[in-house]
Amino acid sequence: MTGTAYTLEVRPALPPELAGMDDLAGNLLYSWDRRVRRLFYQIDPQLWERCSHNPKLFLRRVDQVRLQAYARDSDFLKDYREVLGRANAYNEPHPPAPGLDPGVAREHVAYFCMEYGLHESLHLYSGGLGILAGDFCKAASDAGVPFTAVGLMYRSGYFTQTIGRDGRQQTHFHPTDPCDLPVTPARDADGWQVRVTVPVGEREVQACVWQAVIGRVRLLLLDTDVEGNSPDDRAITYQLYGGDRDTRIAQELVLGVGGVRALRALGVHPTIWHLNEGHPALMILELCREAVASGLDFASALELTAASVVFTTHTPVAAGHDRFPRPMAAHYLAPIAAGLGVDVEQVLALGALAPDGGEFDITTLALRGSRHRNGVSRVHRDVAARMFAHVWPQLDAEDLPLVHVTNGVHVPTFLAREWSDLFDEQQPDWRSKLRDADYWKRTIDAIPSHRFWGLRQSLKCDMLEYVACVLERQYRRASYSRARIDLMRRVLSADYSTALVIGFARRITAYKRPLLIFRDLQRLGRLLTDPERPVVLICAGKAHPQDGEGQAIIHTINALAGEPPLLGSVFFVEGYDIALARRLVSGVDVWLNTPSFPQEACGTSGQKAAINGALNLSVLDGWWAEGYDGGNGWAVTPRADDAAPEQRDTLEAEELLDLLEHEIVPLYHRRNAAGLPEGWVARAKAAMRSTLPRFNTDRMLADYLERLYLPGSRHRRLLEADGGEAAAALAAWRARIRRHWGKAALRWAAPPPDHAAAGMPVTLRVVADLGELGARDVVVECVIGRDDAPSGQAPLSYAFAPEPAAGDEQPYALEFTPPLGGLLRYRIRMYPTHPALAHPLETGCMLWL
Ligand SMILES: *Cc1c(COP(=O)(O)O)cnc(C)c1O
C-alpha cells in the first residue's frame, strides 16, 4: 500500500446484557480484583495483552461479533453477573472495617503524593514510592476510611524501557490521551471539569482536574496541559521526574497548592493531610494562606496547619530530597509569601537547612510544617532521625519526634491468583483477616506440603513462560541469533523448572548494589552452572534517564549475561513494571536484595515475594531487619558503615555466595523419597505465615490511623477552638521560648549522689536559671537506664518538682527510688513544655546538665 494510512477505530457497542462492563472498566478495583480482570481477559486474551491490560481501551477495540457471542454465553453471563454484583456491593459506602476506631468515619484523609502505582494501565509511577501510594489508596478503600488522594496527571508518565543489542537501556515516552486511561474529568456541582489556578513565579498557571476511581476512594490528578497556558506551562505535568529544577518546583506548586484548591473546588473537607514524601510540602503554605485569610497571623496559621499534617519520609538517599537554590525558591515562593502577608525570607526559613540559610529544602519544610512524622521501617526511622538533626539541633536522634510505621503491601494486588483461589476454597472472607496471625498460621500450616510445592512450581512455570516471551521479543528486536533465543527458551521453560530461580528486580541505582552478586564471577559461574544443581538468575529494572551509574549497571549485567561463564544462567528482562513484578515475586524461588545498609528505607518487593512463598535472601536492611526471624529466609549481615565501601562489598558478597553455596542451593535440591524438598517447603511456609499478617497494608493503615491520623485530628481540633485562639497562644509561647531559651541554664544545687542502697530513695537537687521564662514553661527530668540495656529499650524518666523560688533562681528537687539494681547511668535534662504541643520534645530545645 502507498499513501498515508489513517486510523479508524471502530468502536463496538456494548450489548445491553454486558452494560456493566463499562463501570468495571472505569474503576481501578480491577487492579486488585482478579475476577474483574478475568472477565476482560477471557473475551480476547491477545487483545488484552495488546491493550496492556487496559480495560477501557480493550472495550473500545474489542470485536463486536465476539462481544455479541459472549452476551449470549450463559456461563460467561453467570460469572459476569456475580462479579458485577460483588463489585457494586464493594463500591457502596461502608463503615470503617472492624478493629478500626469507629471515629474514623468522621475524618477525611487527603493523601498527597508525586506518584501512584496502581496498575500497568496507568503509568503514573517510577518505583516503590508510587507502588506504596497505590497500595495505600487500595487499603483505604478496603477499610472504608474516608480518603481522597491527590497527584499529577503525567501525559507521558514515566518512561518505558527496552534493551538494545548493545545491552544498554533505551528510554521511550508514549504520550497518552486521558480518554485512553481509567480516568474521567472531575466535575463540579454544575457538571464542569474543575480547573484551578496556581501561582508559579509571576505566572498564573491553570490546571484541570481528572479523577481515577479506586474502589470507594478517588484519586484527583492535576494536569496543566490545558488551553490558555503557555507551551512551557502546558508541559509542567508532562513527565514524572522529568525536566529541570524549574520544572520540579513548578510541579510541586501544582501538586501542593493546586491540590488543596482542587479539593476545595470539589467540596472535600479533609481533617488530616498526609504528605507521602516531601514533594507535595508546598501545600502546607497553601493551608497557611487559607488560615491567614480567615484572620490568623502567619505563625498561628502554621501551628494550626501543622497540627493535622502527617509527613512520611521515604528515602535516606540525598537525591530523594528536593533542594532548590535560594534565589530560585524566592522567585517561585514570592506570590505565596504575599498571600501570607510575610516577607519571602520568612517562608524560605521554613525550608532552610542551616540557621544562616543555604538551599531551600522541601523535606525540611515538610518537617517544620507537620507535627506527626514517620519513617517507613525501624531502621529507616533512626537513619531519618540522624538526617533531620538540623531541625531539632539540641535533641538526641532517638528523642526526635519521629515514629516509624513499616510499609506493607496490598495483598489482593500482589498475591498470585492461585493462592487467592486456594484461600477462597478454605475461607471466602480471608481478605478481612489479613491482620490475624493465628488465622494465617493455621491456614498455611494446613496446606499439604505436596500441594504447596505443586502450586509454587506451577507459579514458577507460568512466570518462566511469561519472562521467556518478553525476552524473545526483546532478543528478536535486537536481532539475536536463533541459537541464542533457543538457549534462552530451553532454560526458561517448564522443562527446566528443577532449577533454582533467583529474582532481582527493582529500580536500578547504585545504592541497591545490583552488581554485588557478580563480584566473584568465577565462583558465581561455578554455582549457577552446576549440571546437577542448576541455578538461574533473572534481573529486571529501570534506571532513571539521568542516572548514568544506574545505566552503566544495566549495561554491565547484560554484558555478563552474554558470555561464559554466565551465558544461559543470567537474564535481564526489559520493561520492569507492575505486571512483570507480580509475575516475578510470585514465581521465583529466591528474591534477592543487596542494598547498601542503611539506604533501603523499606523495600516492599521482598514482602510481595514472601507472601507468595518465595524466600528472601537479603541484606538486613529496611523491612527485612524486622521481618527476618532466622527461619523464614536468609540474611546477609551489613558490615560496619565506617569500613571502606570496597571492603564492605567484598565481605558482604562473600557471605552472599557462601549462603547460596552452602545453604540455599543444597536445601533446594534436597528431596525426600517422594521428590519433595521438605526443608524448603517448611521454610517457604514460614516466610508466608510470618510476613503475610504483618507486612500488609491493612496493618499499615491501622498503624497510621492510631499513631498519626487520629492524634493529628485531635490536635487540630484542640488548636482550632475559639477561632484558633489556642493556636495563637501556642505560637506566641513558641516565639517566647525561641527568644529566651539561649539564656536558660541548669546546675547542681547539691552534689550528685554516686551510690544508693537497694530499695532506698535518692534525692537530687538542681537549680535552673530561667530568666524571662517561668517554672511552668519547662520540665526538668532525670533520665535513667543501664549501659547494657537492649537497644530499643527506652530509658526511664522522672520529673523534678519545682520548689519555692528565691530571686531569679528556680530550685527543683526529685526524690525517687531507683527501680533497677547494678550500675546505672543517669542524666539530668531540661526542656520547654506546653500542654498544646503535639509531642513533648517538639520545640527541639534541650539542655543537659
Ligand atoms: C513493589 C515494587 C517496587 C518497590 O520494590 P522495592 O523492593 O522497594 O524496590 C518497585 N517497582 C515495582 C514495579 C513494584 O511492584
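User: Before we look at helix H12, what does buried mean in terms of relative accessible area?

Analyst: Buried means under 20% relative accessible area, and in this predicted model the residues of H12 that meet that cut-off are Met328, Ala329, Ala330, Tyr332, Leu333, Ile336, Ala337 and Leu340.

User: How should I read the spacing of such residues along a helix?

Analyst: An α-helix has 3.6 residues a turn, so residues three or four places apart point the same way. In H12, the buried set includes Met328, Tyr332 and Ile336, and also Leu333, Ala337 and Leu340.

User: Where in H12 does a kink lie, and what follows just after the helix?

Analyst: Helix H12, residues 326–340, has a kink of about 50° at leucine 333, shortly before proline 335, and just after H12 glycine 341 takes a positive phi of about 75°.

User: What does leucine 333 touch beyond its neighbours in sequence?

Analyst: In soluble globular proteins, nonpolar side chains tend to be buried together. Setting aside residues up to four places away in sequence, leucine 333 touches Leu253, Leu282, Leu285, Val344, Val347, Leu348 and Phe360.

User: Which residues have the most contacts inside the largest nonpolar core?

Analyst: That core has 181 residues, and those with the most contacts inside it are Phe112, Leu333, Tyr709 and Met830; its largest share, 13 residues, comes from helix H28 (residues 697–740). A second, separate core of 76 residues includes Ile131, Leu422, Trp440 and Cys602.

User: Is glutamate 600 buried or exposed?

Analyst: Glutamate 600 is buried because its relative accessible area is 4%, under the 20% cut-off. Glutamate 600 is placed in the loop between strand S19 (590–593) and helix H24 (605–611), and, leaving aside neighbours within four places in sequence, its contacts include Arg506, Lys512 and Asp621.

Note on methods: Residues numbered from 1 in each chain as written. Predicted model: local features only at pLDDT ≥ 70, side-chain atom pairs only at ≥ 80, totals over all residues. Heavy atoms only, no water. Helix = DSSP H or I, 4+ residues; strand = E, 2+ residues; numbered from the N terminus. Buried < 20%, exposed > 50% of the residue type's maximum accessible area, 1.4 Å probe, protein only. Contact = heavy atoms within 4.5 Å. Bend = angle between axes of the 7 residues up to and from the residue. Core = buried A, V, L, I, M, F, W, Y, C linked by side-chain atoms within 4.5 Å.
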